[in-house]
Each structure stands twice: as structure tokens, then as C-alpha cells.
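Me: Please pick one part of this model and take me through it slowly. I'd like to know what sits beside it, and how it fits into the rest.

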Amino acid sequence: MRITQNRRSWAWPYVLFMVLLVVLPLLLIGYYAFTDPQGGFTLRNFLQFFHKQEAINTFIYSLAIALITTIICLLLGYPAAYIMAMRSFRTPAVMAILFILPMWINFLLRTIATVELFHMFGLPLGEGALLFGMVYDFLPFMIYPIYNTLQKMDLSLIEAAKDLGARPKEVFTKVILPLSVPGIYSGIVMVFMPTVSTFAISELLTHNKITLFGSLIQRSFGEGGIAMWNYGAALSLIMLIIIGMTSFFGNNDTEDINR
Amino acid sequence: MGKSDYIIEVNHVSKQFEDGKYALNDVSLQVRKGEFVTILGPSGCGKTTLLRCIAGFQVASEGDILLNGEDVTETPPNERPVNTVFQKYALFPHLNVYENVAFGLKLKKVPSQEIERRVRKALKMVSMSDYEYRDVNSLSGGQQQRVAIARAIINEPEVLLLDEPLAALDRKMRADMQIELREMHQKLGITFIYVTHDQEEALTLSDRVVVMREGKIQQIGAPTDIYNEPCNCFVADFIGESNILDAVMIKDRLVHFCDQDFECVDAGFGEKAEVDVVIRPEDLYIWEVPADLEKGTKTLGEIAQMQADYDPEDRVPKGKFTRLYGEVRTCIFKGVHYEMTVMTDNGYELMVQDYHQFLPGTQVGMIVKPEDIQVMRKERLCNTFDGKVLKDNQVEFLGATWDLSDRVAERFEPGDEVEVEVDFNHVNLQDDEDEGTLQGEVYFILYKGDHYHLQVRTDDGDDLFVDTNDIWDDGDRVGIKIAPSWIRLYKKEVKS
């Protein structure tokens with residue numbers, strides 16, 4: 001009894017951490033989003049967003065960029081993860097590390113390096129550079145979870161499929177692909193969510209020519225002064241809800257597959 | 001192309017792995033249509049590799065495999081008319097029971113009505129009719145096993161391969177499944193090839209048993225043949241309990257062991273040939289010798305003779321059999337019978353099974369019928385190695401350098417290629433690896449009644465055979481020493 005009590009006290013630092021750095025800020029965002037600069041309750045901040053065509057366009061554009069980035073990452077990342085995970089390709093473990101290695105380096109650094117690369121080859125910055133940079137930055141986050149699920153997959157399942165008459169293509173579509181869905185889902189979440197809210201990458205890679213939703217929030221807080229905090233908070237809340245919704249949908253899907 | 005009598009023919013198949021080790025070493029096996037063949041052996045003997053070569057998951061390095069007379073050595077598994085039941089079932093976790101069973105038929109684009117009919121039939125066959133839409137992960141081990149079998153047999157394969165399918169089930173469940181498998185085999189009429197390390201399972205299920213060890217087939221035969229007439233010590237030891245003893249064949253039908261001569265039924269070994277004999281513990285007849293020996297009126301032998309002649313239960317066969325006398329050392333109840341170890345008066349320990357209990361300390365007499373003595377040719381009489389004489393009275397073999405006695409060394413020149421002989425009982429094993437000239441691991445232990453016969457594998461993968469009274473365990477690391485005076489050298493015949 002006493003031991004459990006003691007153990008429970010171990011959680012306190014984390015509870016404190018969560019309250020101070022997660023719960024409190026969320027409450028503050030909520031507070032600012034529904035108040036005017038004088039502190040009175042209002043829905044004006046949200047109405048301002050929905051009435052401003054430019055803001056909505058930015059929001060949709062950000063979602064589209066994030067979606068395209070995610071799709072490209074998936075198309076590039078799945079084969080890479082597959083080749084690394086399947087022992088029949090005899091890829092050395094070094095290859096896995098090389099793919100994961102960029103994750104160890106701060107992505108601002110990588111983005112600045114990308115900008116320099118574009119300069120070096122005389123390529124224009126802009127939408128193309130933005131997509132390239134985002135894919136480059138987030139590809140490891142797609143590869144890693146897929147690689148993980150594929151690697152843990154029981155190889156006898158593949159043998160069982162072959163044994164039952166499946167040709168190599170059918171082994172992939174009927175066994176390997178369905179079984180790697182949890183990894184694909186994790187990869188999508190890990191790429192899509194951070195790309196929706198990204199701002200530094202877009203600013204660096206487009207010379208501030210393209211504004212993403214993340215930048216919009218950042219500017220509300222950074223440049224707009226305290227008067228814009230309420231609007232920024234409302235934008236943050238909208239994004240949070242959208243991201244939350246996608247992850248909820250995804251979660252239900254994976255559970256269905258596991259069941 | 002002539003029709004073959006055999007559904008499967010494995011011809012001189014070897015499988016070598018990248019590290020150079022042989023998983024299969026010149027294996028040949030013919031299986032008739034409808035047979036139930038079990039491949040039996042300890043783990044790492046190559047039995048699963050052989051099965052995987054037949055299934056097509058591995059390709060033999062040498063030799064070929066014929067299915068219905070057709071060479072399938074390199075045919076991919078999906079094009080072979082065989083199906084496998086995997087050791088850990090390998091059911092698809094993303095599909096339910098019905099979809100798992102239907103997997104093979106759907107690939108063949110069988111109409112869905114027929115699929116449904118056949119899935120129901122297959123599930124009925126394995127008594128899983130009400131589980132069609134259950135999630136496979138929610139099933140017990142035994143149920144998963146049944147689904148795995150249904151998934152394999154629904155494709156009506158010509159051969160069903162089973163890779164230790166019952167290994168993960170508990171004892172009672174295993175016994176039930178064995179009976180069901182046997183019945184299924186009779187009902188389906190297809191060929192079963194079954195891999196197991198469980199000798200009891202092999203003897204119960206099969207028409208024929210293939211005993212394997214270290215990538216080689218040791219013996220192929222009906223269960224009764226394998227049990228009653230093992231071809232070597234390994235098979236005798238691996239299958240059932242046995243007393244294995246060093247013996248000398250004095251002449252045809254007379255064999256000497258435990259310091260006594262015994263009549264036997266074997267012939268053709270020559271005179272004074274060193275052999276091994278196997279006596280199953282249930283083939284030793286045992287009776288109690290009364291404890292009133294102290295009275296001194298009769299000798300132990302006479303009393304035992306009396307006892308044997310007047311055995312009230314008539315359990316001990318009458319006749320002029322050679323008798324062994326001794327004292328019971330241990331007695332364990334084994335359910336149906338008791339298992340006793342008896343130390344004979346001349347120092348041999350024998351295992352005896354009997355329905356009657358003989359408590360430790362009891363003086364007993366024992367006989368064995370001639371037909372129950374199985375005589376086997378010895379695989380080797382002493383250790384022999386290829387060696388090379390070095391300078392300074394030394395010789396090199398097994399990758400190490402050994403000292404020679406002057407008496408031996410003076411007959412050879414440095415550089416001579418020689419054959420080295422060392423008797424089993426002159427190899428000295430040391431607890432401390434570093435004390436030995438060579439290091440190795442105890443690989444296989446055989447109890448020979450009054451000593452242990454060990455197979456020691458050196459770190460280079462060579463084998464030494466050692467007779468010792470010391471007790472070692474499988475896998476013990478040992479240092480190997482041989483006294484110079486026990487190393488015999490023979491000049492090699494120079495090949496022209």
C-alpha cells in the first residue's frame with residue numbers, strides 16, 4: 001500500500017510539467033481566442049477569420065501543401081522503408097541509419113542548407129523549393145514508422161501467402177501492404193501535422209513570398225503586437241481542432257485494422 | 001517421362017549456408033503417395049530445412065527434389081502443389097477465420113459460392129464451424145492450429161507439410177490433436193510430411209520415421225523398426241529410454257557385455273568385434289532376491305535361480321538366460337510403470353522398467369531375452385585425425401600442436417604426413433579451458449552403463465570422442481589434453 005503511494009508521488013514532476021507547459025497554455029489560448037483586447041467575451045476573432053477570404057485561402061493552401069508533402073513522402077518513403085526492412089534485399093543496417101540520420105540534425109539547419117543548395121544550382125526559390133524542402137525535412141518521419149512495422153512483421157506470414165499460391169505482387173497487396181497500415185498511418189500523422197503548422201521552412205525557402213497558416217499565426221503574435229494576440233489565439237485553436245480531427249479519424253481506422 | 005511410384009523424391013540434397021555449415025548433407029528420401037512420414041531429430045538437425053526445401057522456401061545447394069516425377073528444385077512455393085502448416089500458425093492477423101481459410105481459393109479465383117462451400121467443409125473438418133467470423137487473434141493456440149490446418153487442406157494439396165504443428169500446445173491438447181491428425185490423414189488420403197523433435201509424436205503418428213542428425217539421415221523405417229532396431233547409438237538414445245553398453249561380439253549369436261556372455265540373435269559382425277548393444281529398460285525382467293542371504297545356506301545365484309523358477313506371477317521368462325545381479329539404487333513412479341536404476345554386482349548401472357515397485361536397496365536379479373538385445377556396429381573404435389609431424393618431438397592435428405613421446409617421435413621426420421590415433425579413454429578433459437591444448441564444448445553425451453561417452457566439438461568444428469567417468473553437461477566448455485604417450489602415429493600411404 002505504502003509503496004503504491006510512494007510510486008504515485010513519482011508522477012508529480014510530470015503532472016507539474018504538463019500543467020505548466022501544456023494545460024495552462026491551452027487554457028490561455030482558449031481565453032485569448034474568446035476575448036477582445038479589453039478582456040470581454042467575444043466571437044469576433046473567429047468571425048474575422050471566416051470573413052477574411054485571404055486568411056481562409058492561406059489556410060486551405062497550407063492544408064494542400066501539407067497534403068502534397070505527405071503524399072510525396074509516402075510515395076518515396078514506403079519503397080525505401082520496404083527495401084530496408086525486407087531481408088531479401090540484403091541491405092546493410094548502415095542504410096537504415098543513413099535514412100534516419102537527418103532526423104538527428106536540427107531542421108532549421110537543414111532548411112538553410114537547402115536554400116544554399118538552391119542558390120548553388122541557380123534554382124528559383126518558391127513553391128517548388130518549399131515542397132522540396134518540406135519533403136526533405138519530413139521524409140525520415142515517414143520512413144521510420146513504416147520501416148518499424150515492416151521490420152517487425154512475421155516473415156512466416158509472407159511465406160504462408162506464397163505457400164497458398166500468392167504471386168509476389170499478391171503477397172504485397174494482400175499481406176504486406178495491409179499489415180503495414182499502422183506504420184503508414186503513423187508516418188502520415190508524423191508528417192502531416194507538423195507540415196500544416198510549419199512557418200520557418202516556408203519563409204526561408206520562399207523568401208517570405210508564400211505565407212502559410214503557421215506564418216499567419218506567428219505574425220499575429222510576433223508583429224501584430226498585443227492587440228493581435230486574440231486573433232492569433234483563435235487561429236491556433238482552429239488549427240488545433242483540424243489537426244485533432246484528422247488524428248481522431250486516423251486512430252479509429254487503425255483500431256479497426258488491428259481488430 | 002516414366003511415372004514415378006513416389007510422390008516426393010529427394011535426391012542427394014545438400015544445403016550449405018553462407019558460413020559454410022551444412023544444414024543438409026547428402027539427404028535422400030522417397031515418399032509414397034498417401035504416406036505419413038515424420039522427420040524426427042533434435043533442434044538444429046536440418047529437419048526444418050529439409051521441409052522448407054520441399055515447400056520451396058529454400059533452394060537446395062546440391063541435388064534435386066522431384067514432385068510427382070517432376071523436378072521442382074527451383075520452383076517457387078506458389079507454383080508447387082504442396083501446402084504448409086507453420087510452426088507458429090502464421091495466420092494473417094488482418095483477416096478473420098473465414099478470410100484466412102479462403103485465402104488460397106480467392107487467389108485461384110474460385111467462384112465465391114464454391115469458396116463458401118469449401119470453407120465450411122474445411123472448418124467442419126477441423127471442428128471450427130462456428131468460428132467463421134471470429135478474429136484470429138482472439139483464438140486459443142489449439143484453435144489457431146485448427147484454422148491453420150483448414151487453410152492448408154482447403155487447397156487440396158497433394159502433399160501437406162507440417163512443421164512442428166503441435167509444439168506450442170499443452171500435453172493433453174497435443175495428444176488429442178495427434179489423434180485428429182491421424183484421422184484427417186486417413187480421411188483426406190493425401191501425403192503428410194511431418195517435422196517434429198518429439199519422438200513419441202513421431203512413433204504415434206507415422207507410417208515411417210526419418211531420424212536426422214546434423215544434416216544427415218541416420219535411419220529411415222517404420223516406428224517399430226526404429227524403436228526395436230536402432231542403427232546406431234544416437235538413434236537408440238534419441239528414441240525412447242535405453243541402456244547402451246560397450247560389448248564384444250564373441251561369435252555369431254554370442255555377445256559379451258557387463259562382464260558376461262549373452263546369447264543374442266545377431267550374426268555377421270565377425271569374431272571378437274567391438275560393438276554397442278542396446279537394451280530397452282522394459283526388456284529387462286527383474287525379480288527380488290530374498291534378503292536372507294546371511295544365513296549362508298545358498299549363494300545369491302542359487303537363490304535368484306530359485307526365485308526365477310518359482311516366480312508366483314510368472315512374469316519372468318523361464319529358460320537358461322544369462323543372469324545379472326545387483327542392487328536397486330533409485331526407483332521413480334512413472335504413472336503406469338516404475339523406473340529403477342540397478343547397480344550390478346560388477347559395476348554397471350542399468351535402467352529397468354517394471355509394473356512392480358522395487359525399492360532402493362533391494363537385491364535383484366535380471367535377465368534379458370536374446371531377441372531383445374540389439375547389437376549395433378560401432379561407428380568408430382578410436383579417434384583418428386590427419387596430422388603432420390613438426391620439429392622438436394611435436395605433431396600438429398586439429399589445428400593445434402601436441403607433444404609426442406620420444407619413442408614415437410624418433411620414428412618420424414619433421415614434415416611427415418601422418419594418421420593420428422587416440423583412444424577414447426586417453427583424452428583428458430579439463431574444467432579450465434586454458435589448461436587444455438585445445439578448447440571445445442561438450443556436444444553429445446551417451447551413458448554407457450559404467451562410463452560416459454562424450455562427443456566434444458572443438459572451436460574449429462572438429463569432433464573428438466571421449467570416454468570418461470566424470471560427469472559433464474551438454475554445452476560445458478572444456479580444455480582438451482592428451483598425454484604424449486597416448487598419441488599413436490601411423491605413416492600415411494603415399495598415393496601414387
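Reply: One strand and its neighbours

Ile39(B) stands opposite Val195(B) in β8(B), so to speak the spot where we start. Before going on, a bit of housekeeping. This is a predicted model, in which local features need pLDDT of at least 70, side-chain atom pairs count only at pLDDT 80 or more, and totals for chains, interfaces and linings use all residues. Residues are numbered from 1 along each chain as its sequence is written, while chains are lettered from A and ligands numbered from 1 in the order in which they are written. As for names like β8, helices (H or I, at least four residues) and strands (E, at least two) are DSSP runs, numbered from the N terminus.

Now for β8 itself, residues 191-196 of chain B. Is it buried or exposed? 6 of its 6 residues are buried, so the strand is largely enclosed by the rest of the structure. Buried here means 20 or more other C-beta atoms within 10 Å of the residue's own; exposed means 12 or fewer, partly exposed is in between, and C-beta atoms are placed from the backbone. In a regular strand the side chains alternate between the two faces of the sheet. Here, Thr191(B), Ile193(B) and Val195(B) point one way, Phe192(B), Tyr194(B) and Thr196(B) point the other way, and all of them are buried.

Who are the neighbours? Strands of a sheet pair through backbone hydrogen bonds, either parallel or antiparallel. Two strands count as a pair if DSSP finds at least two bridges between them. β8(B) runs parallel to β3(B), joined by 5 bridges, and it also runs parallel to β7(B), again through 5 bridges. On the β7 side, Leu162(B) stands opposite Tyr194(B) in β8(B). One strand further along, β3 (residues 36-40) of chain B pairs with β9 (residues 208-213) of chain B in the parallel sense over 4 bridges, with Thr38(B) opposite Val209(B).

Put together, these belong to an open sheet of 6 strands in chain B, in the order β6-β7-β8-β3-β9-β10, with mixed pairing. β6 and β10 (216-221) are the edge strands of chain B, each pairing on one side only. On average, neighbouring strands in the sheet are turned by 20° against each other, direction ignored. Axes are lines fitted to C-alpha atoms, for helices over the stretch in contact, and angles run from 0 to 180 degrees between N-to-C directions.

There's also a helix to look for. α4 (residues 141-153) of chain B lies across β6 and β7 (159-163), running at about 175° to β6(B).

β6 turns up again where the chains meet. 18 residues of chain B are in contact with 17 residues of chain A, contact being C-beta atoms, placed from the backbone, within 7 Å. β6 (82-85) and α2 (97-107) of chain B each supply at least two residues of that side of chain B. The largest share, 3 residues, comes from α2(B).

Stepping back, chain B has 10 helices and 30 strands, and 37% of its 496 residues are buried. Chain B is divided into domain 1 (6-228), domain 2 (284-370) and domain 3 (383-491), with bounds from an automatic or database domain assignment.

Definitions and conventions:
Two residues are in contact if their C-beta atoms, placed from the backbone, lie within 7 Å.
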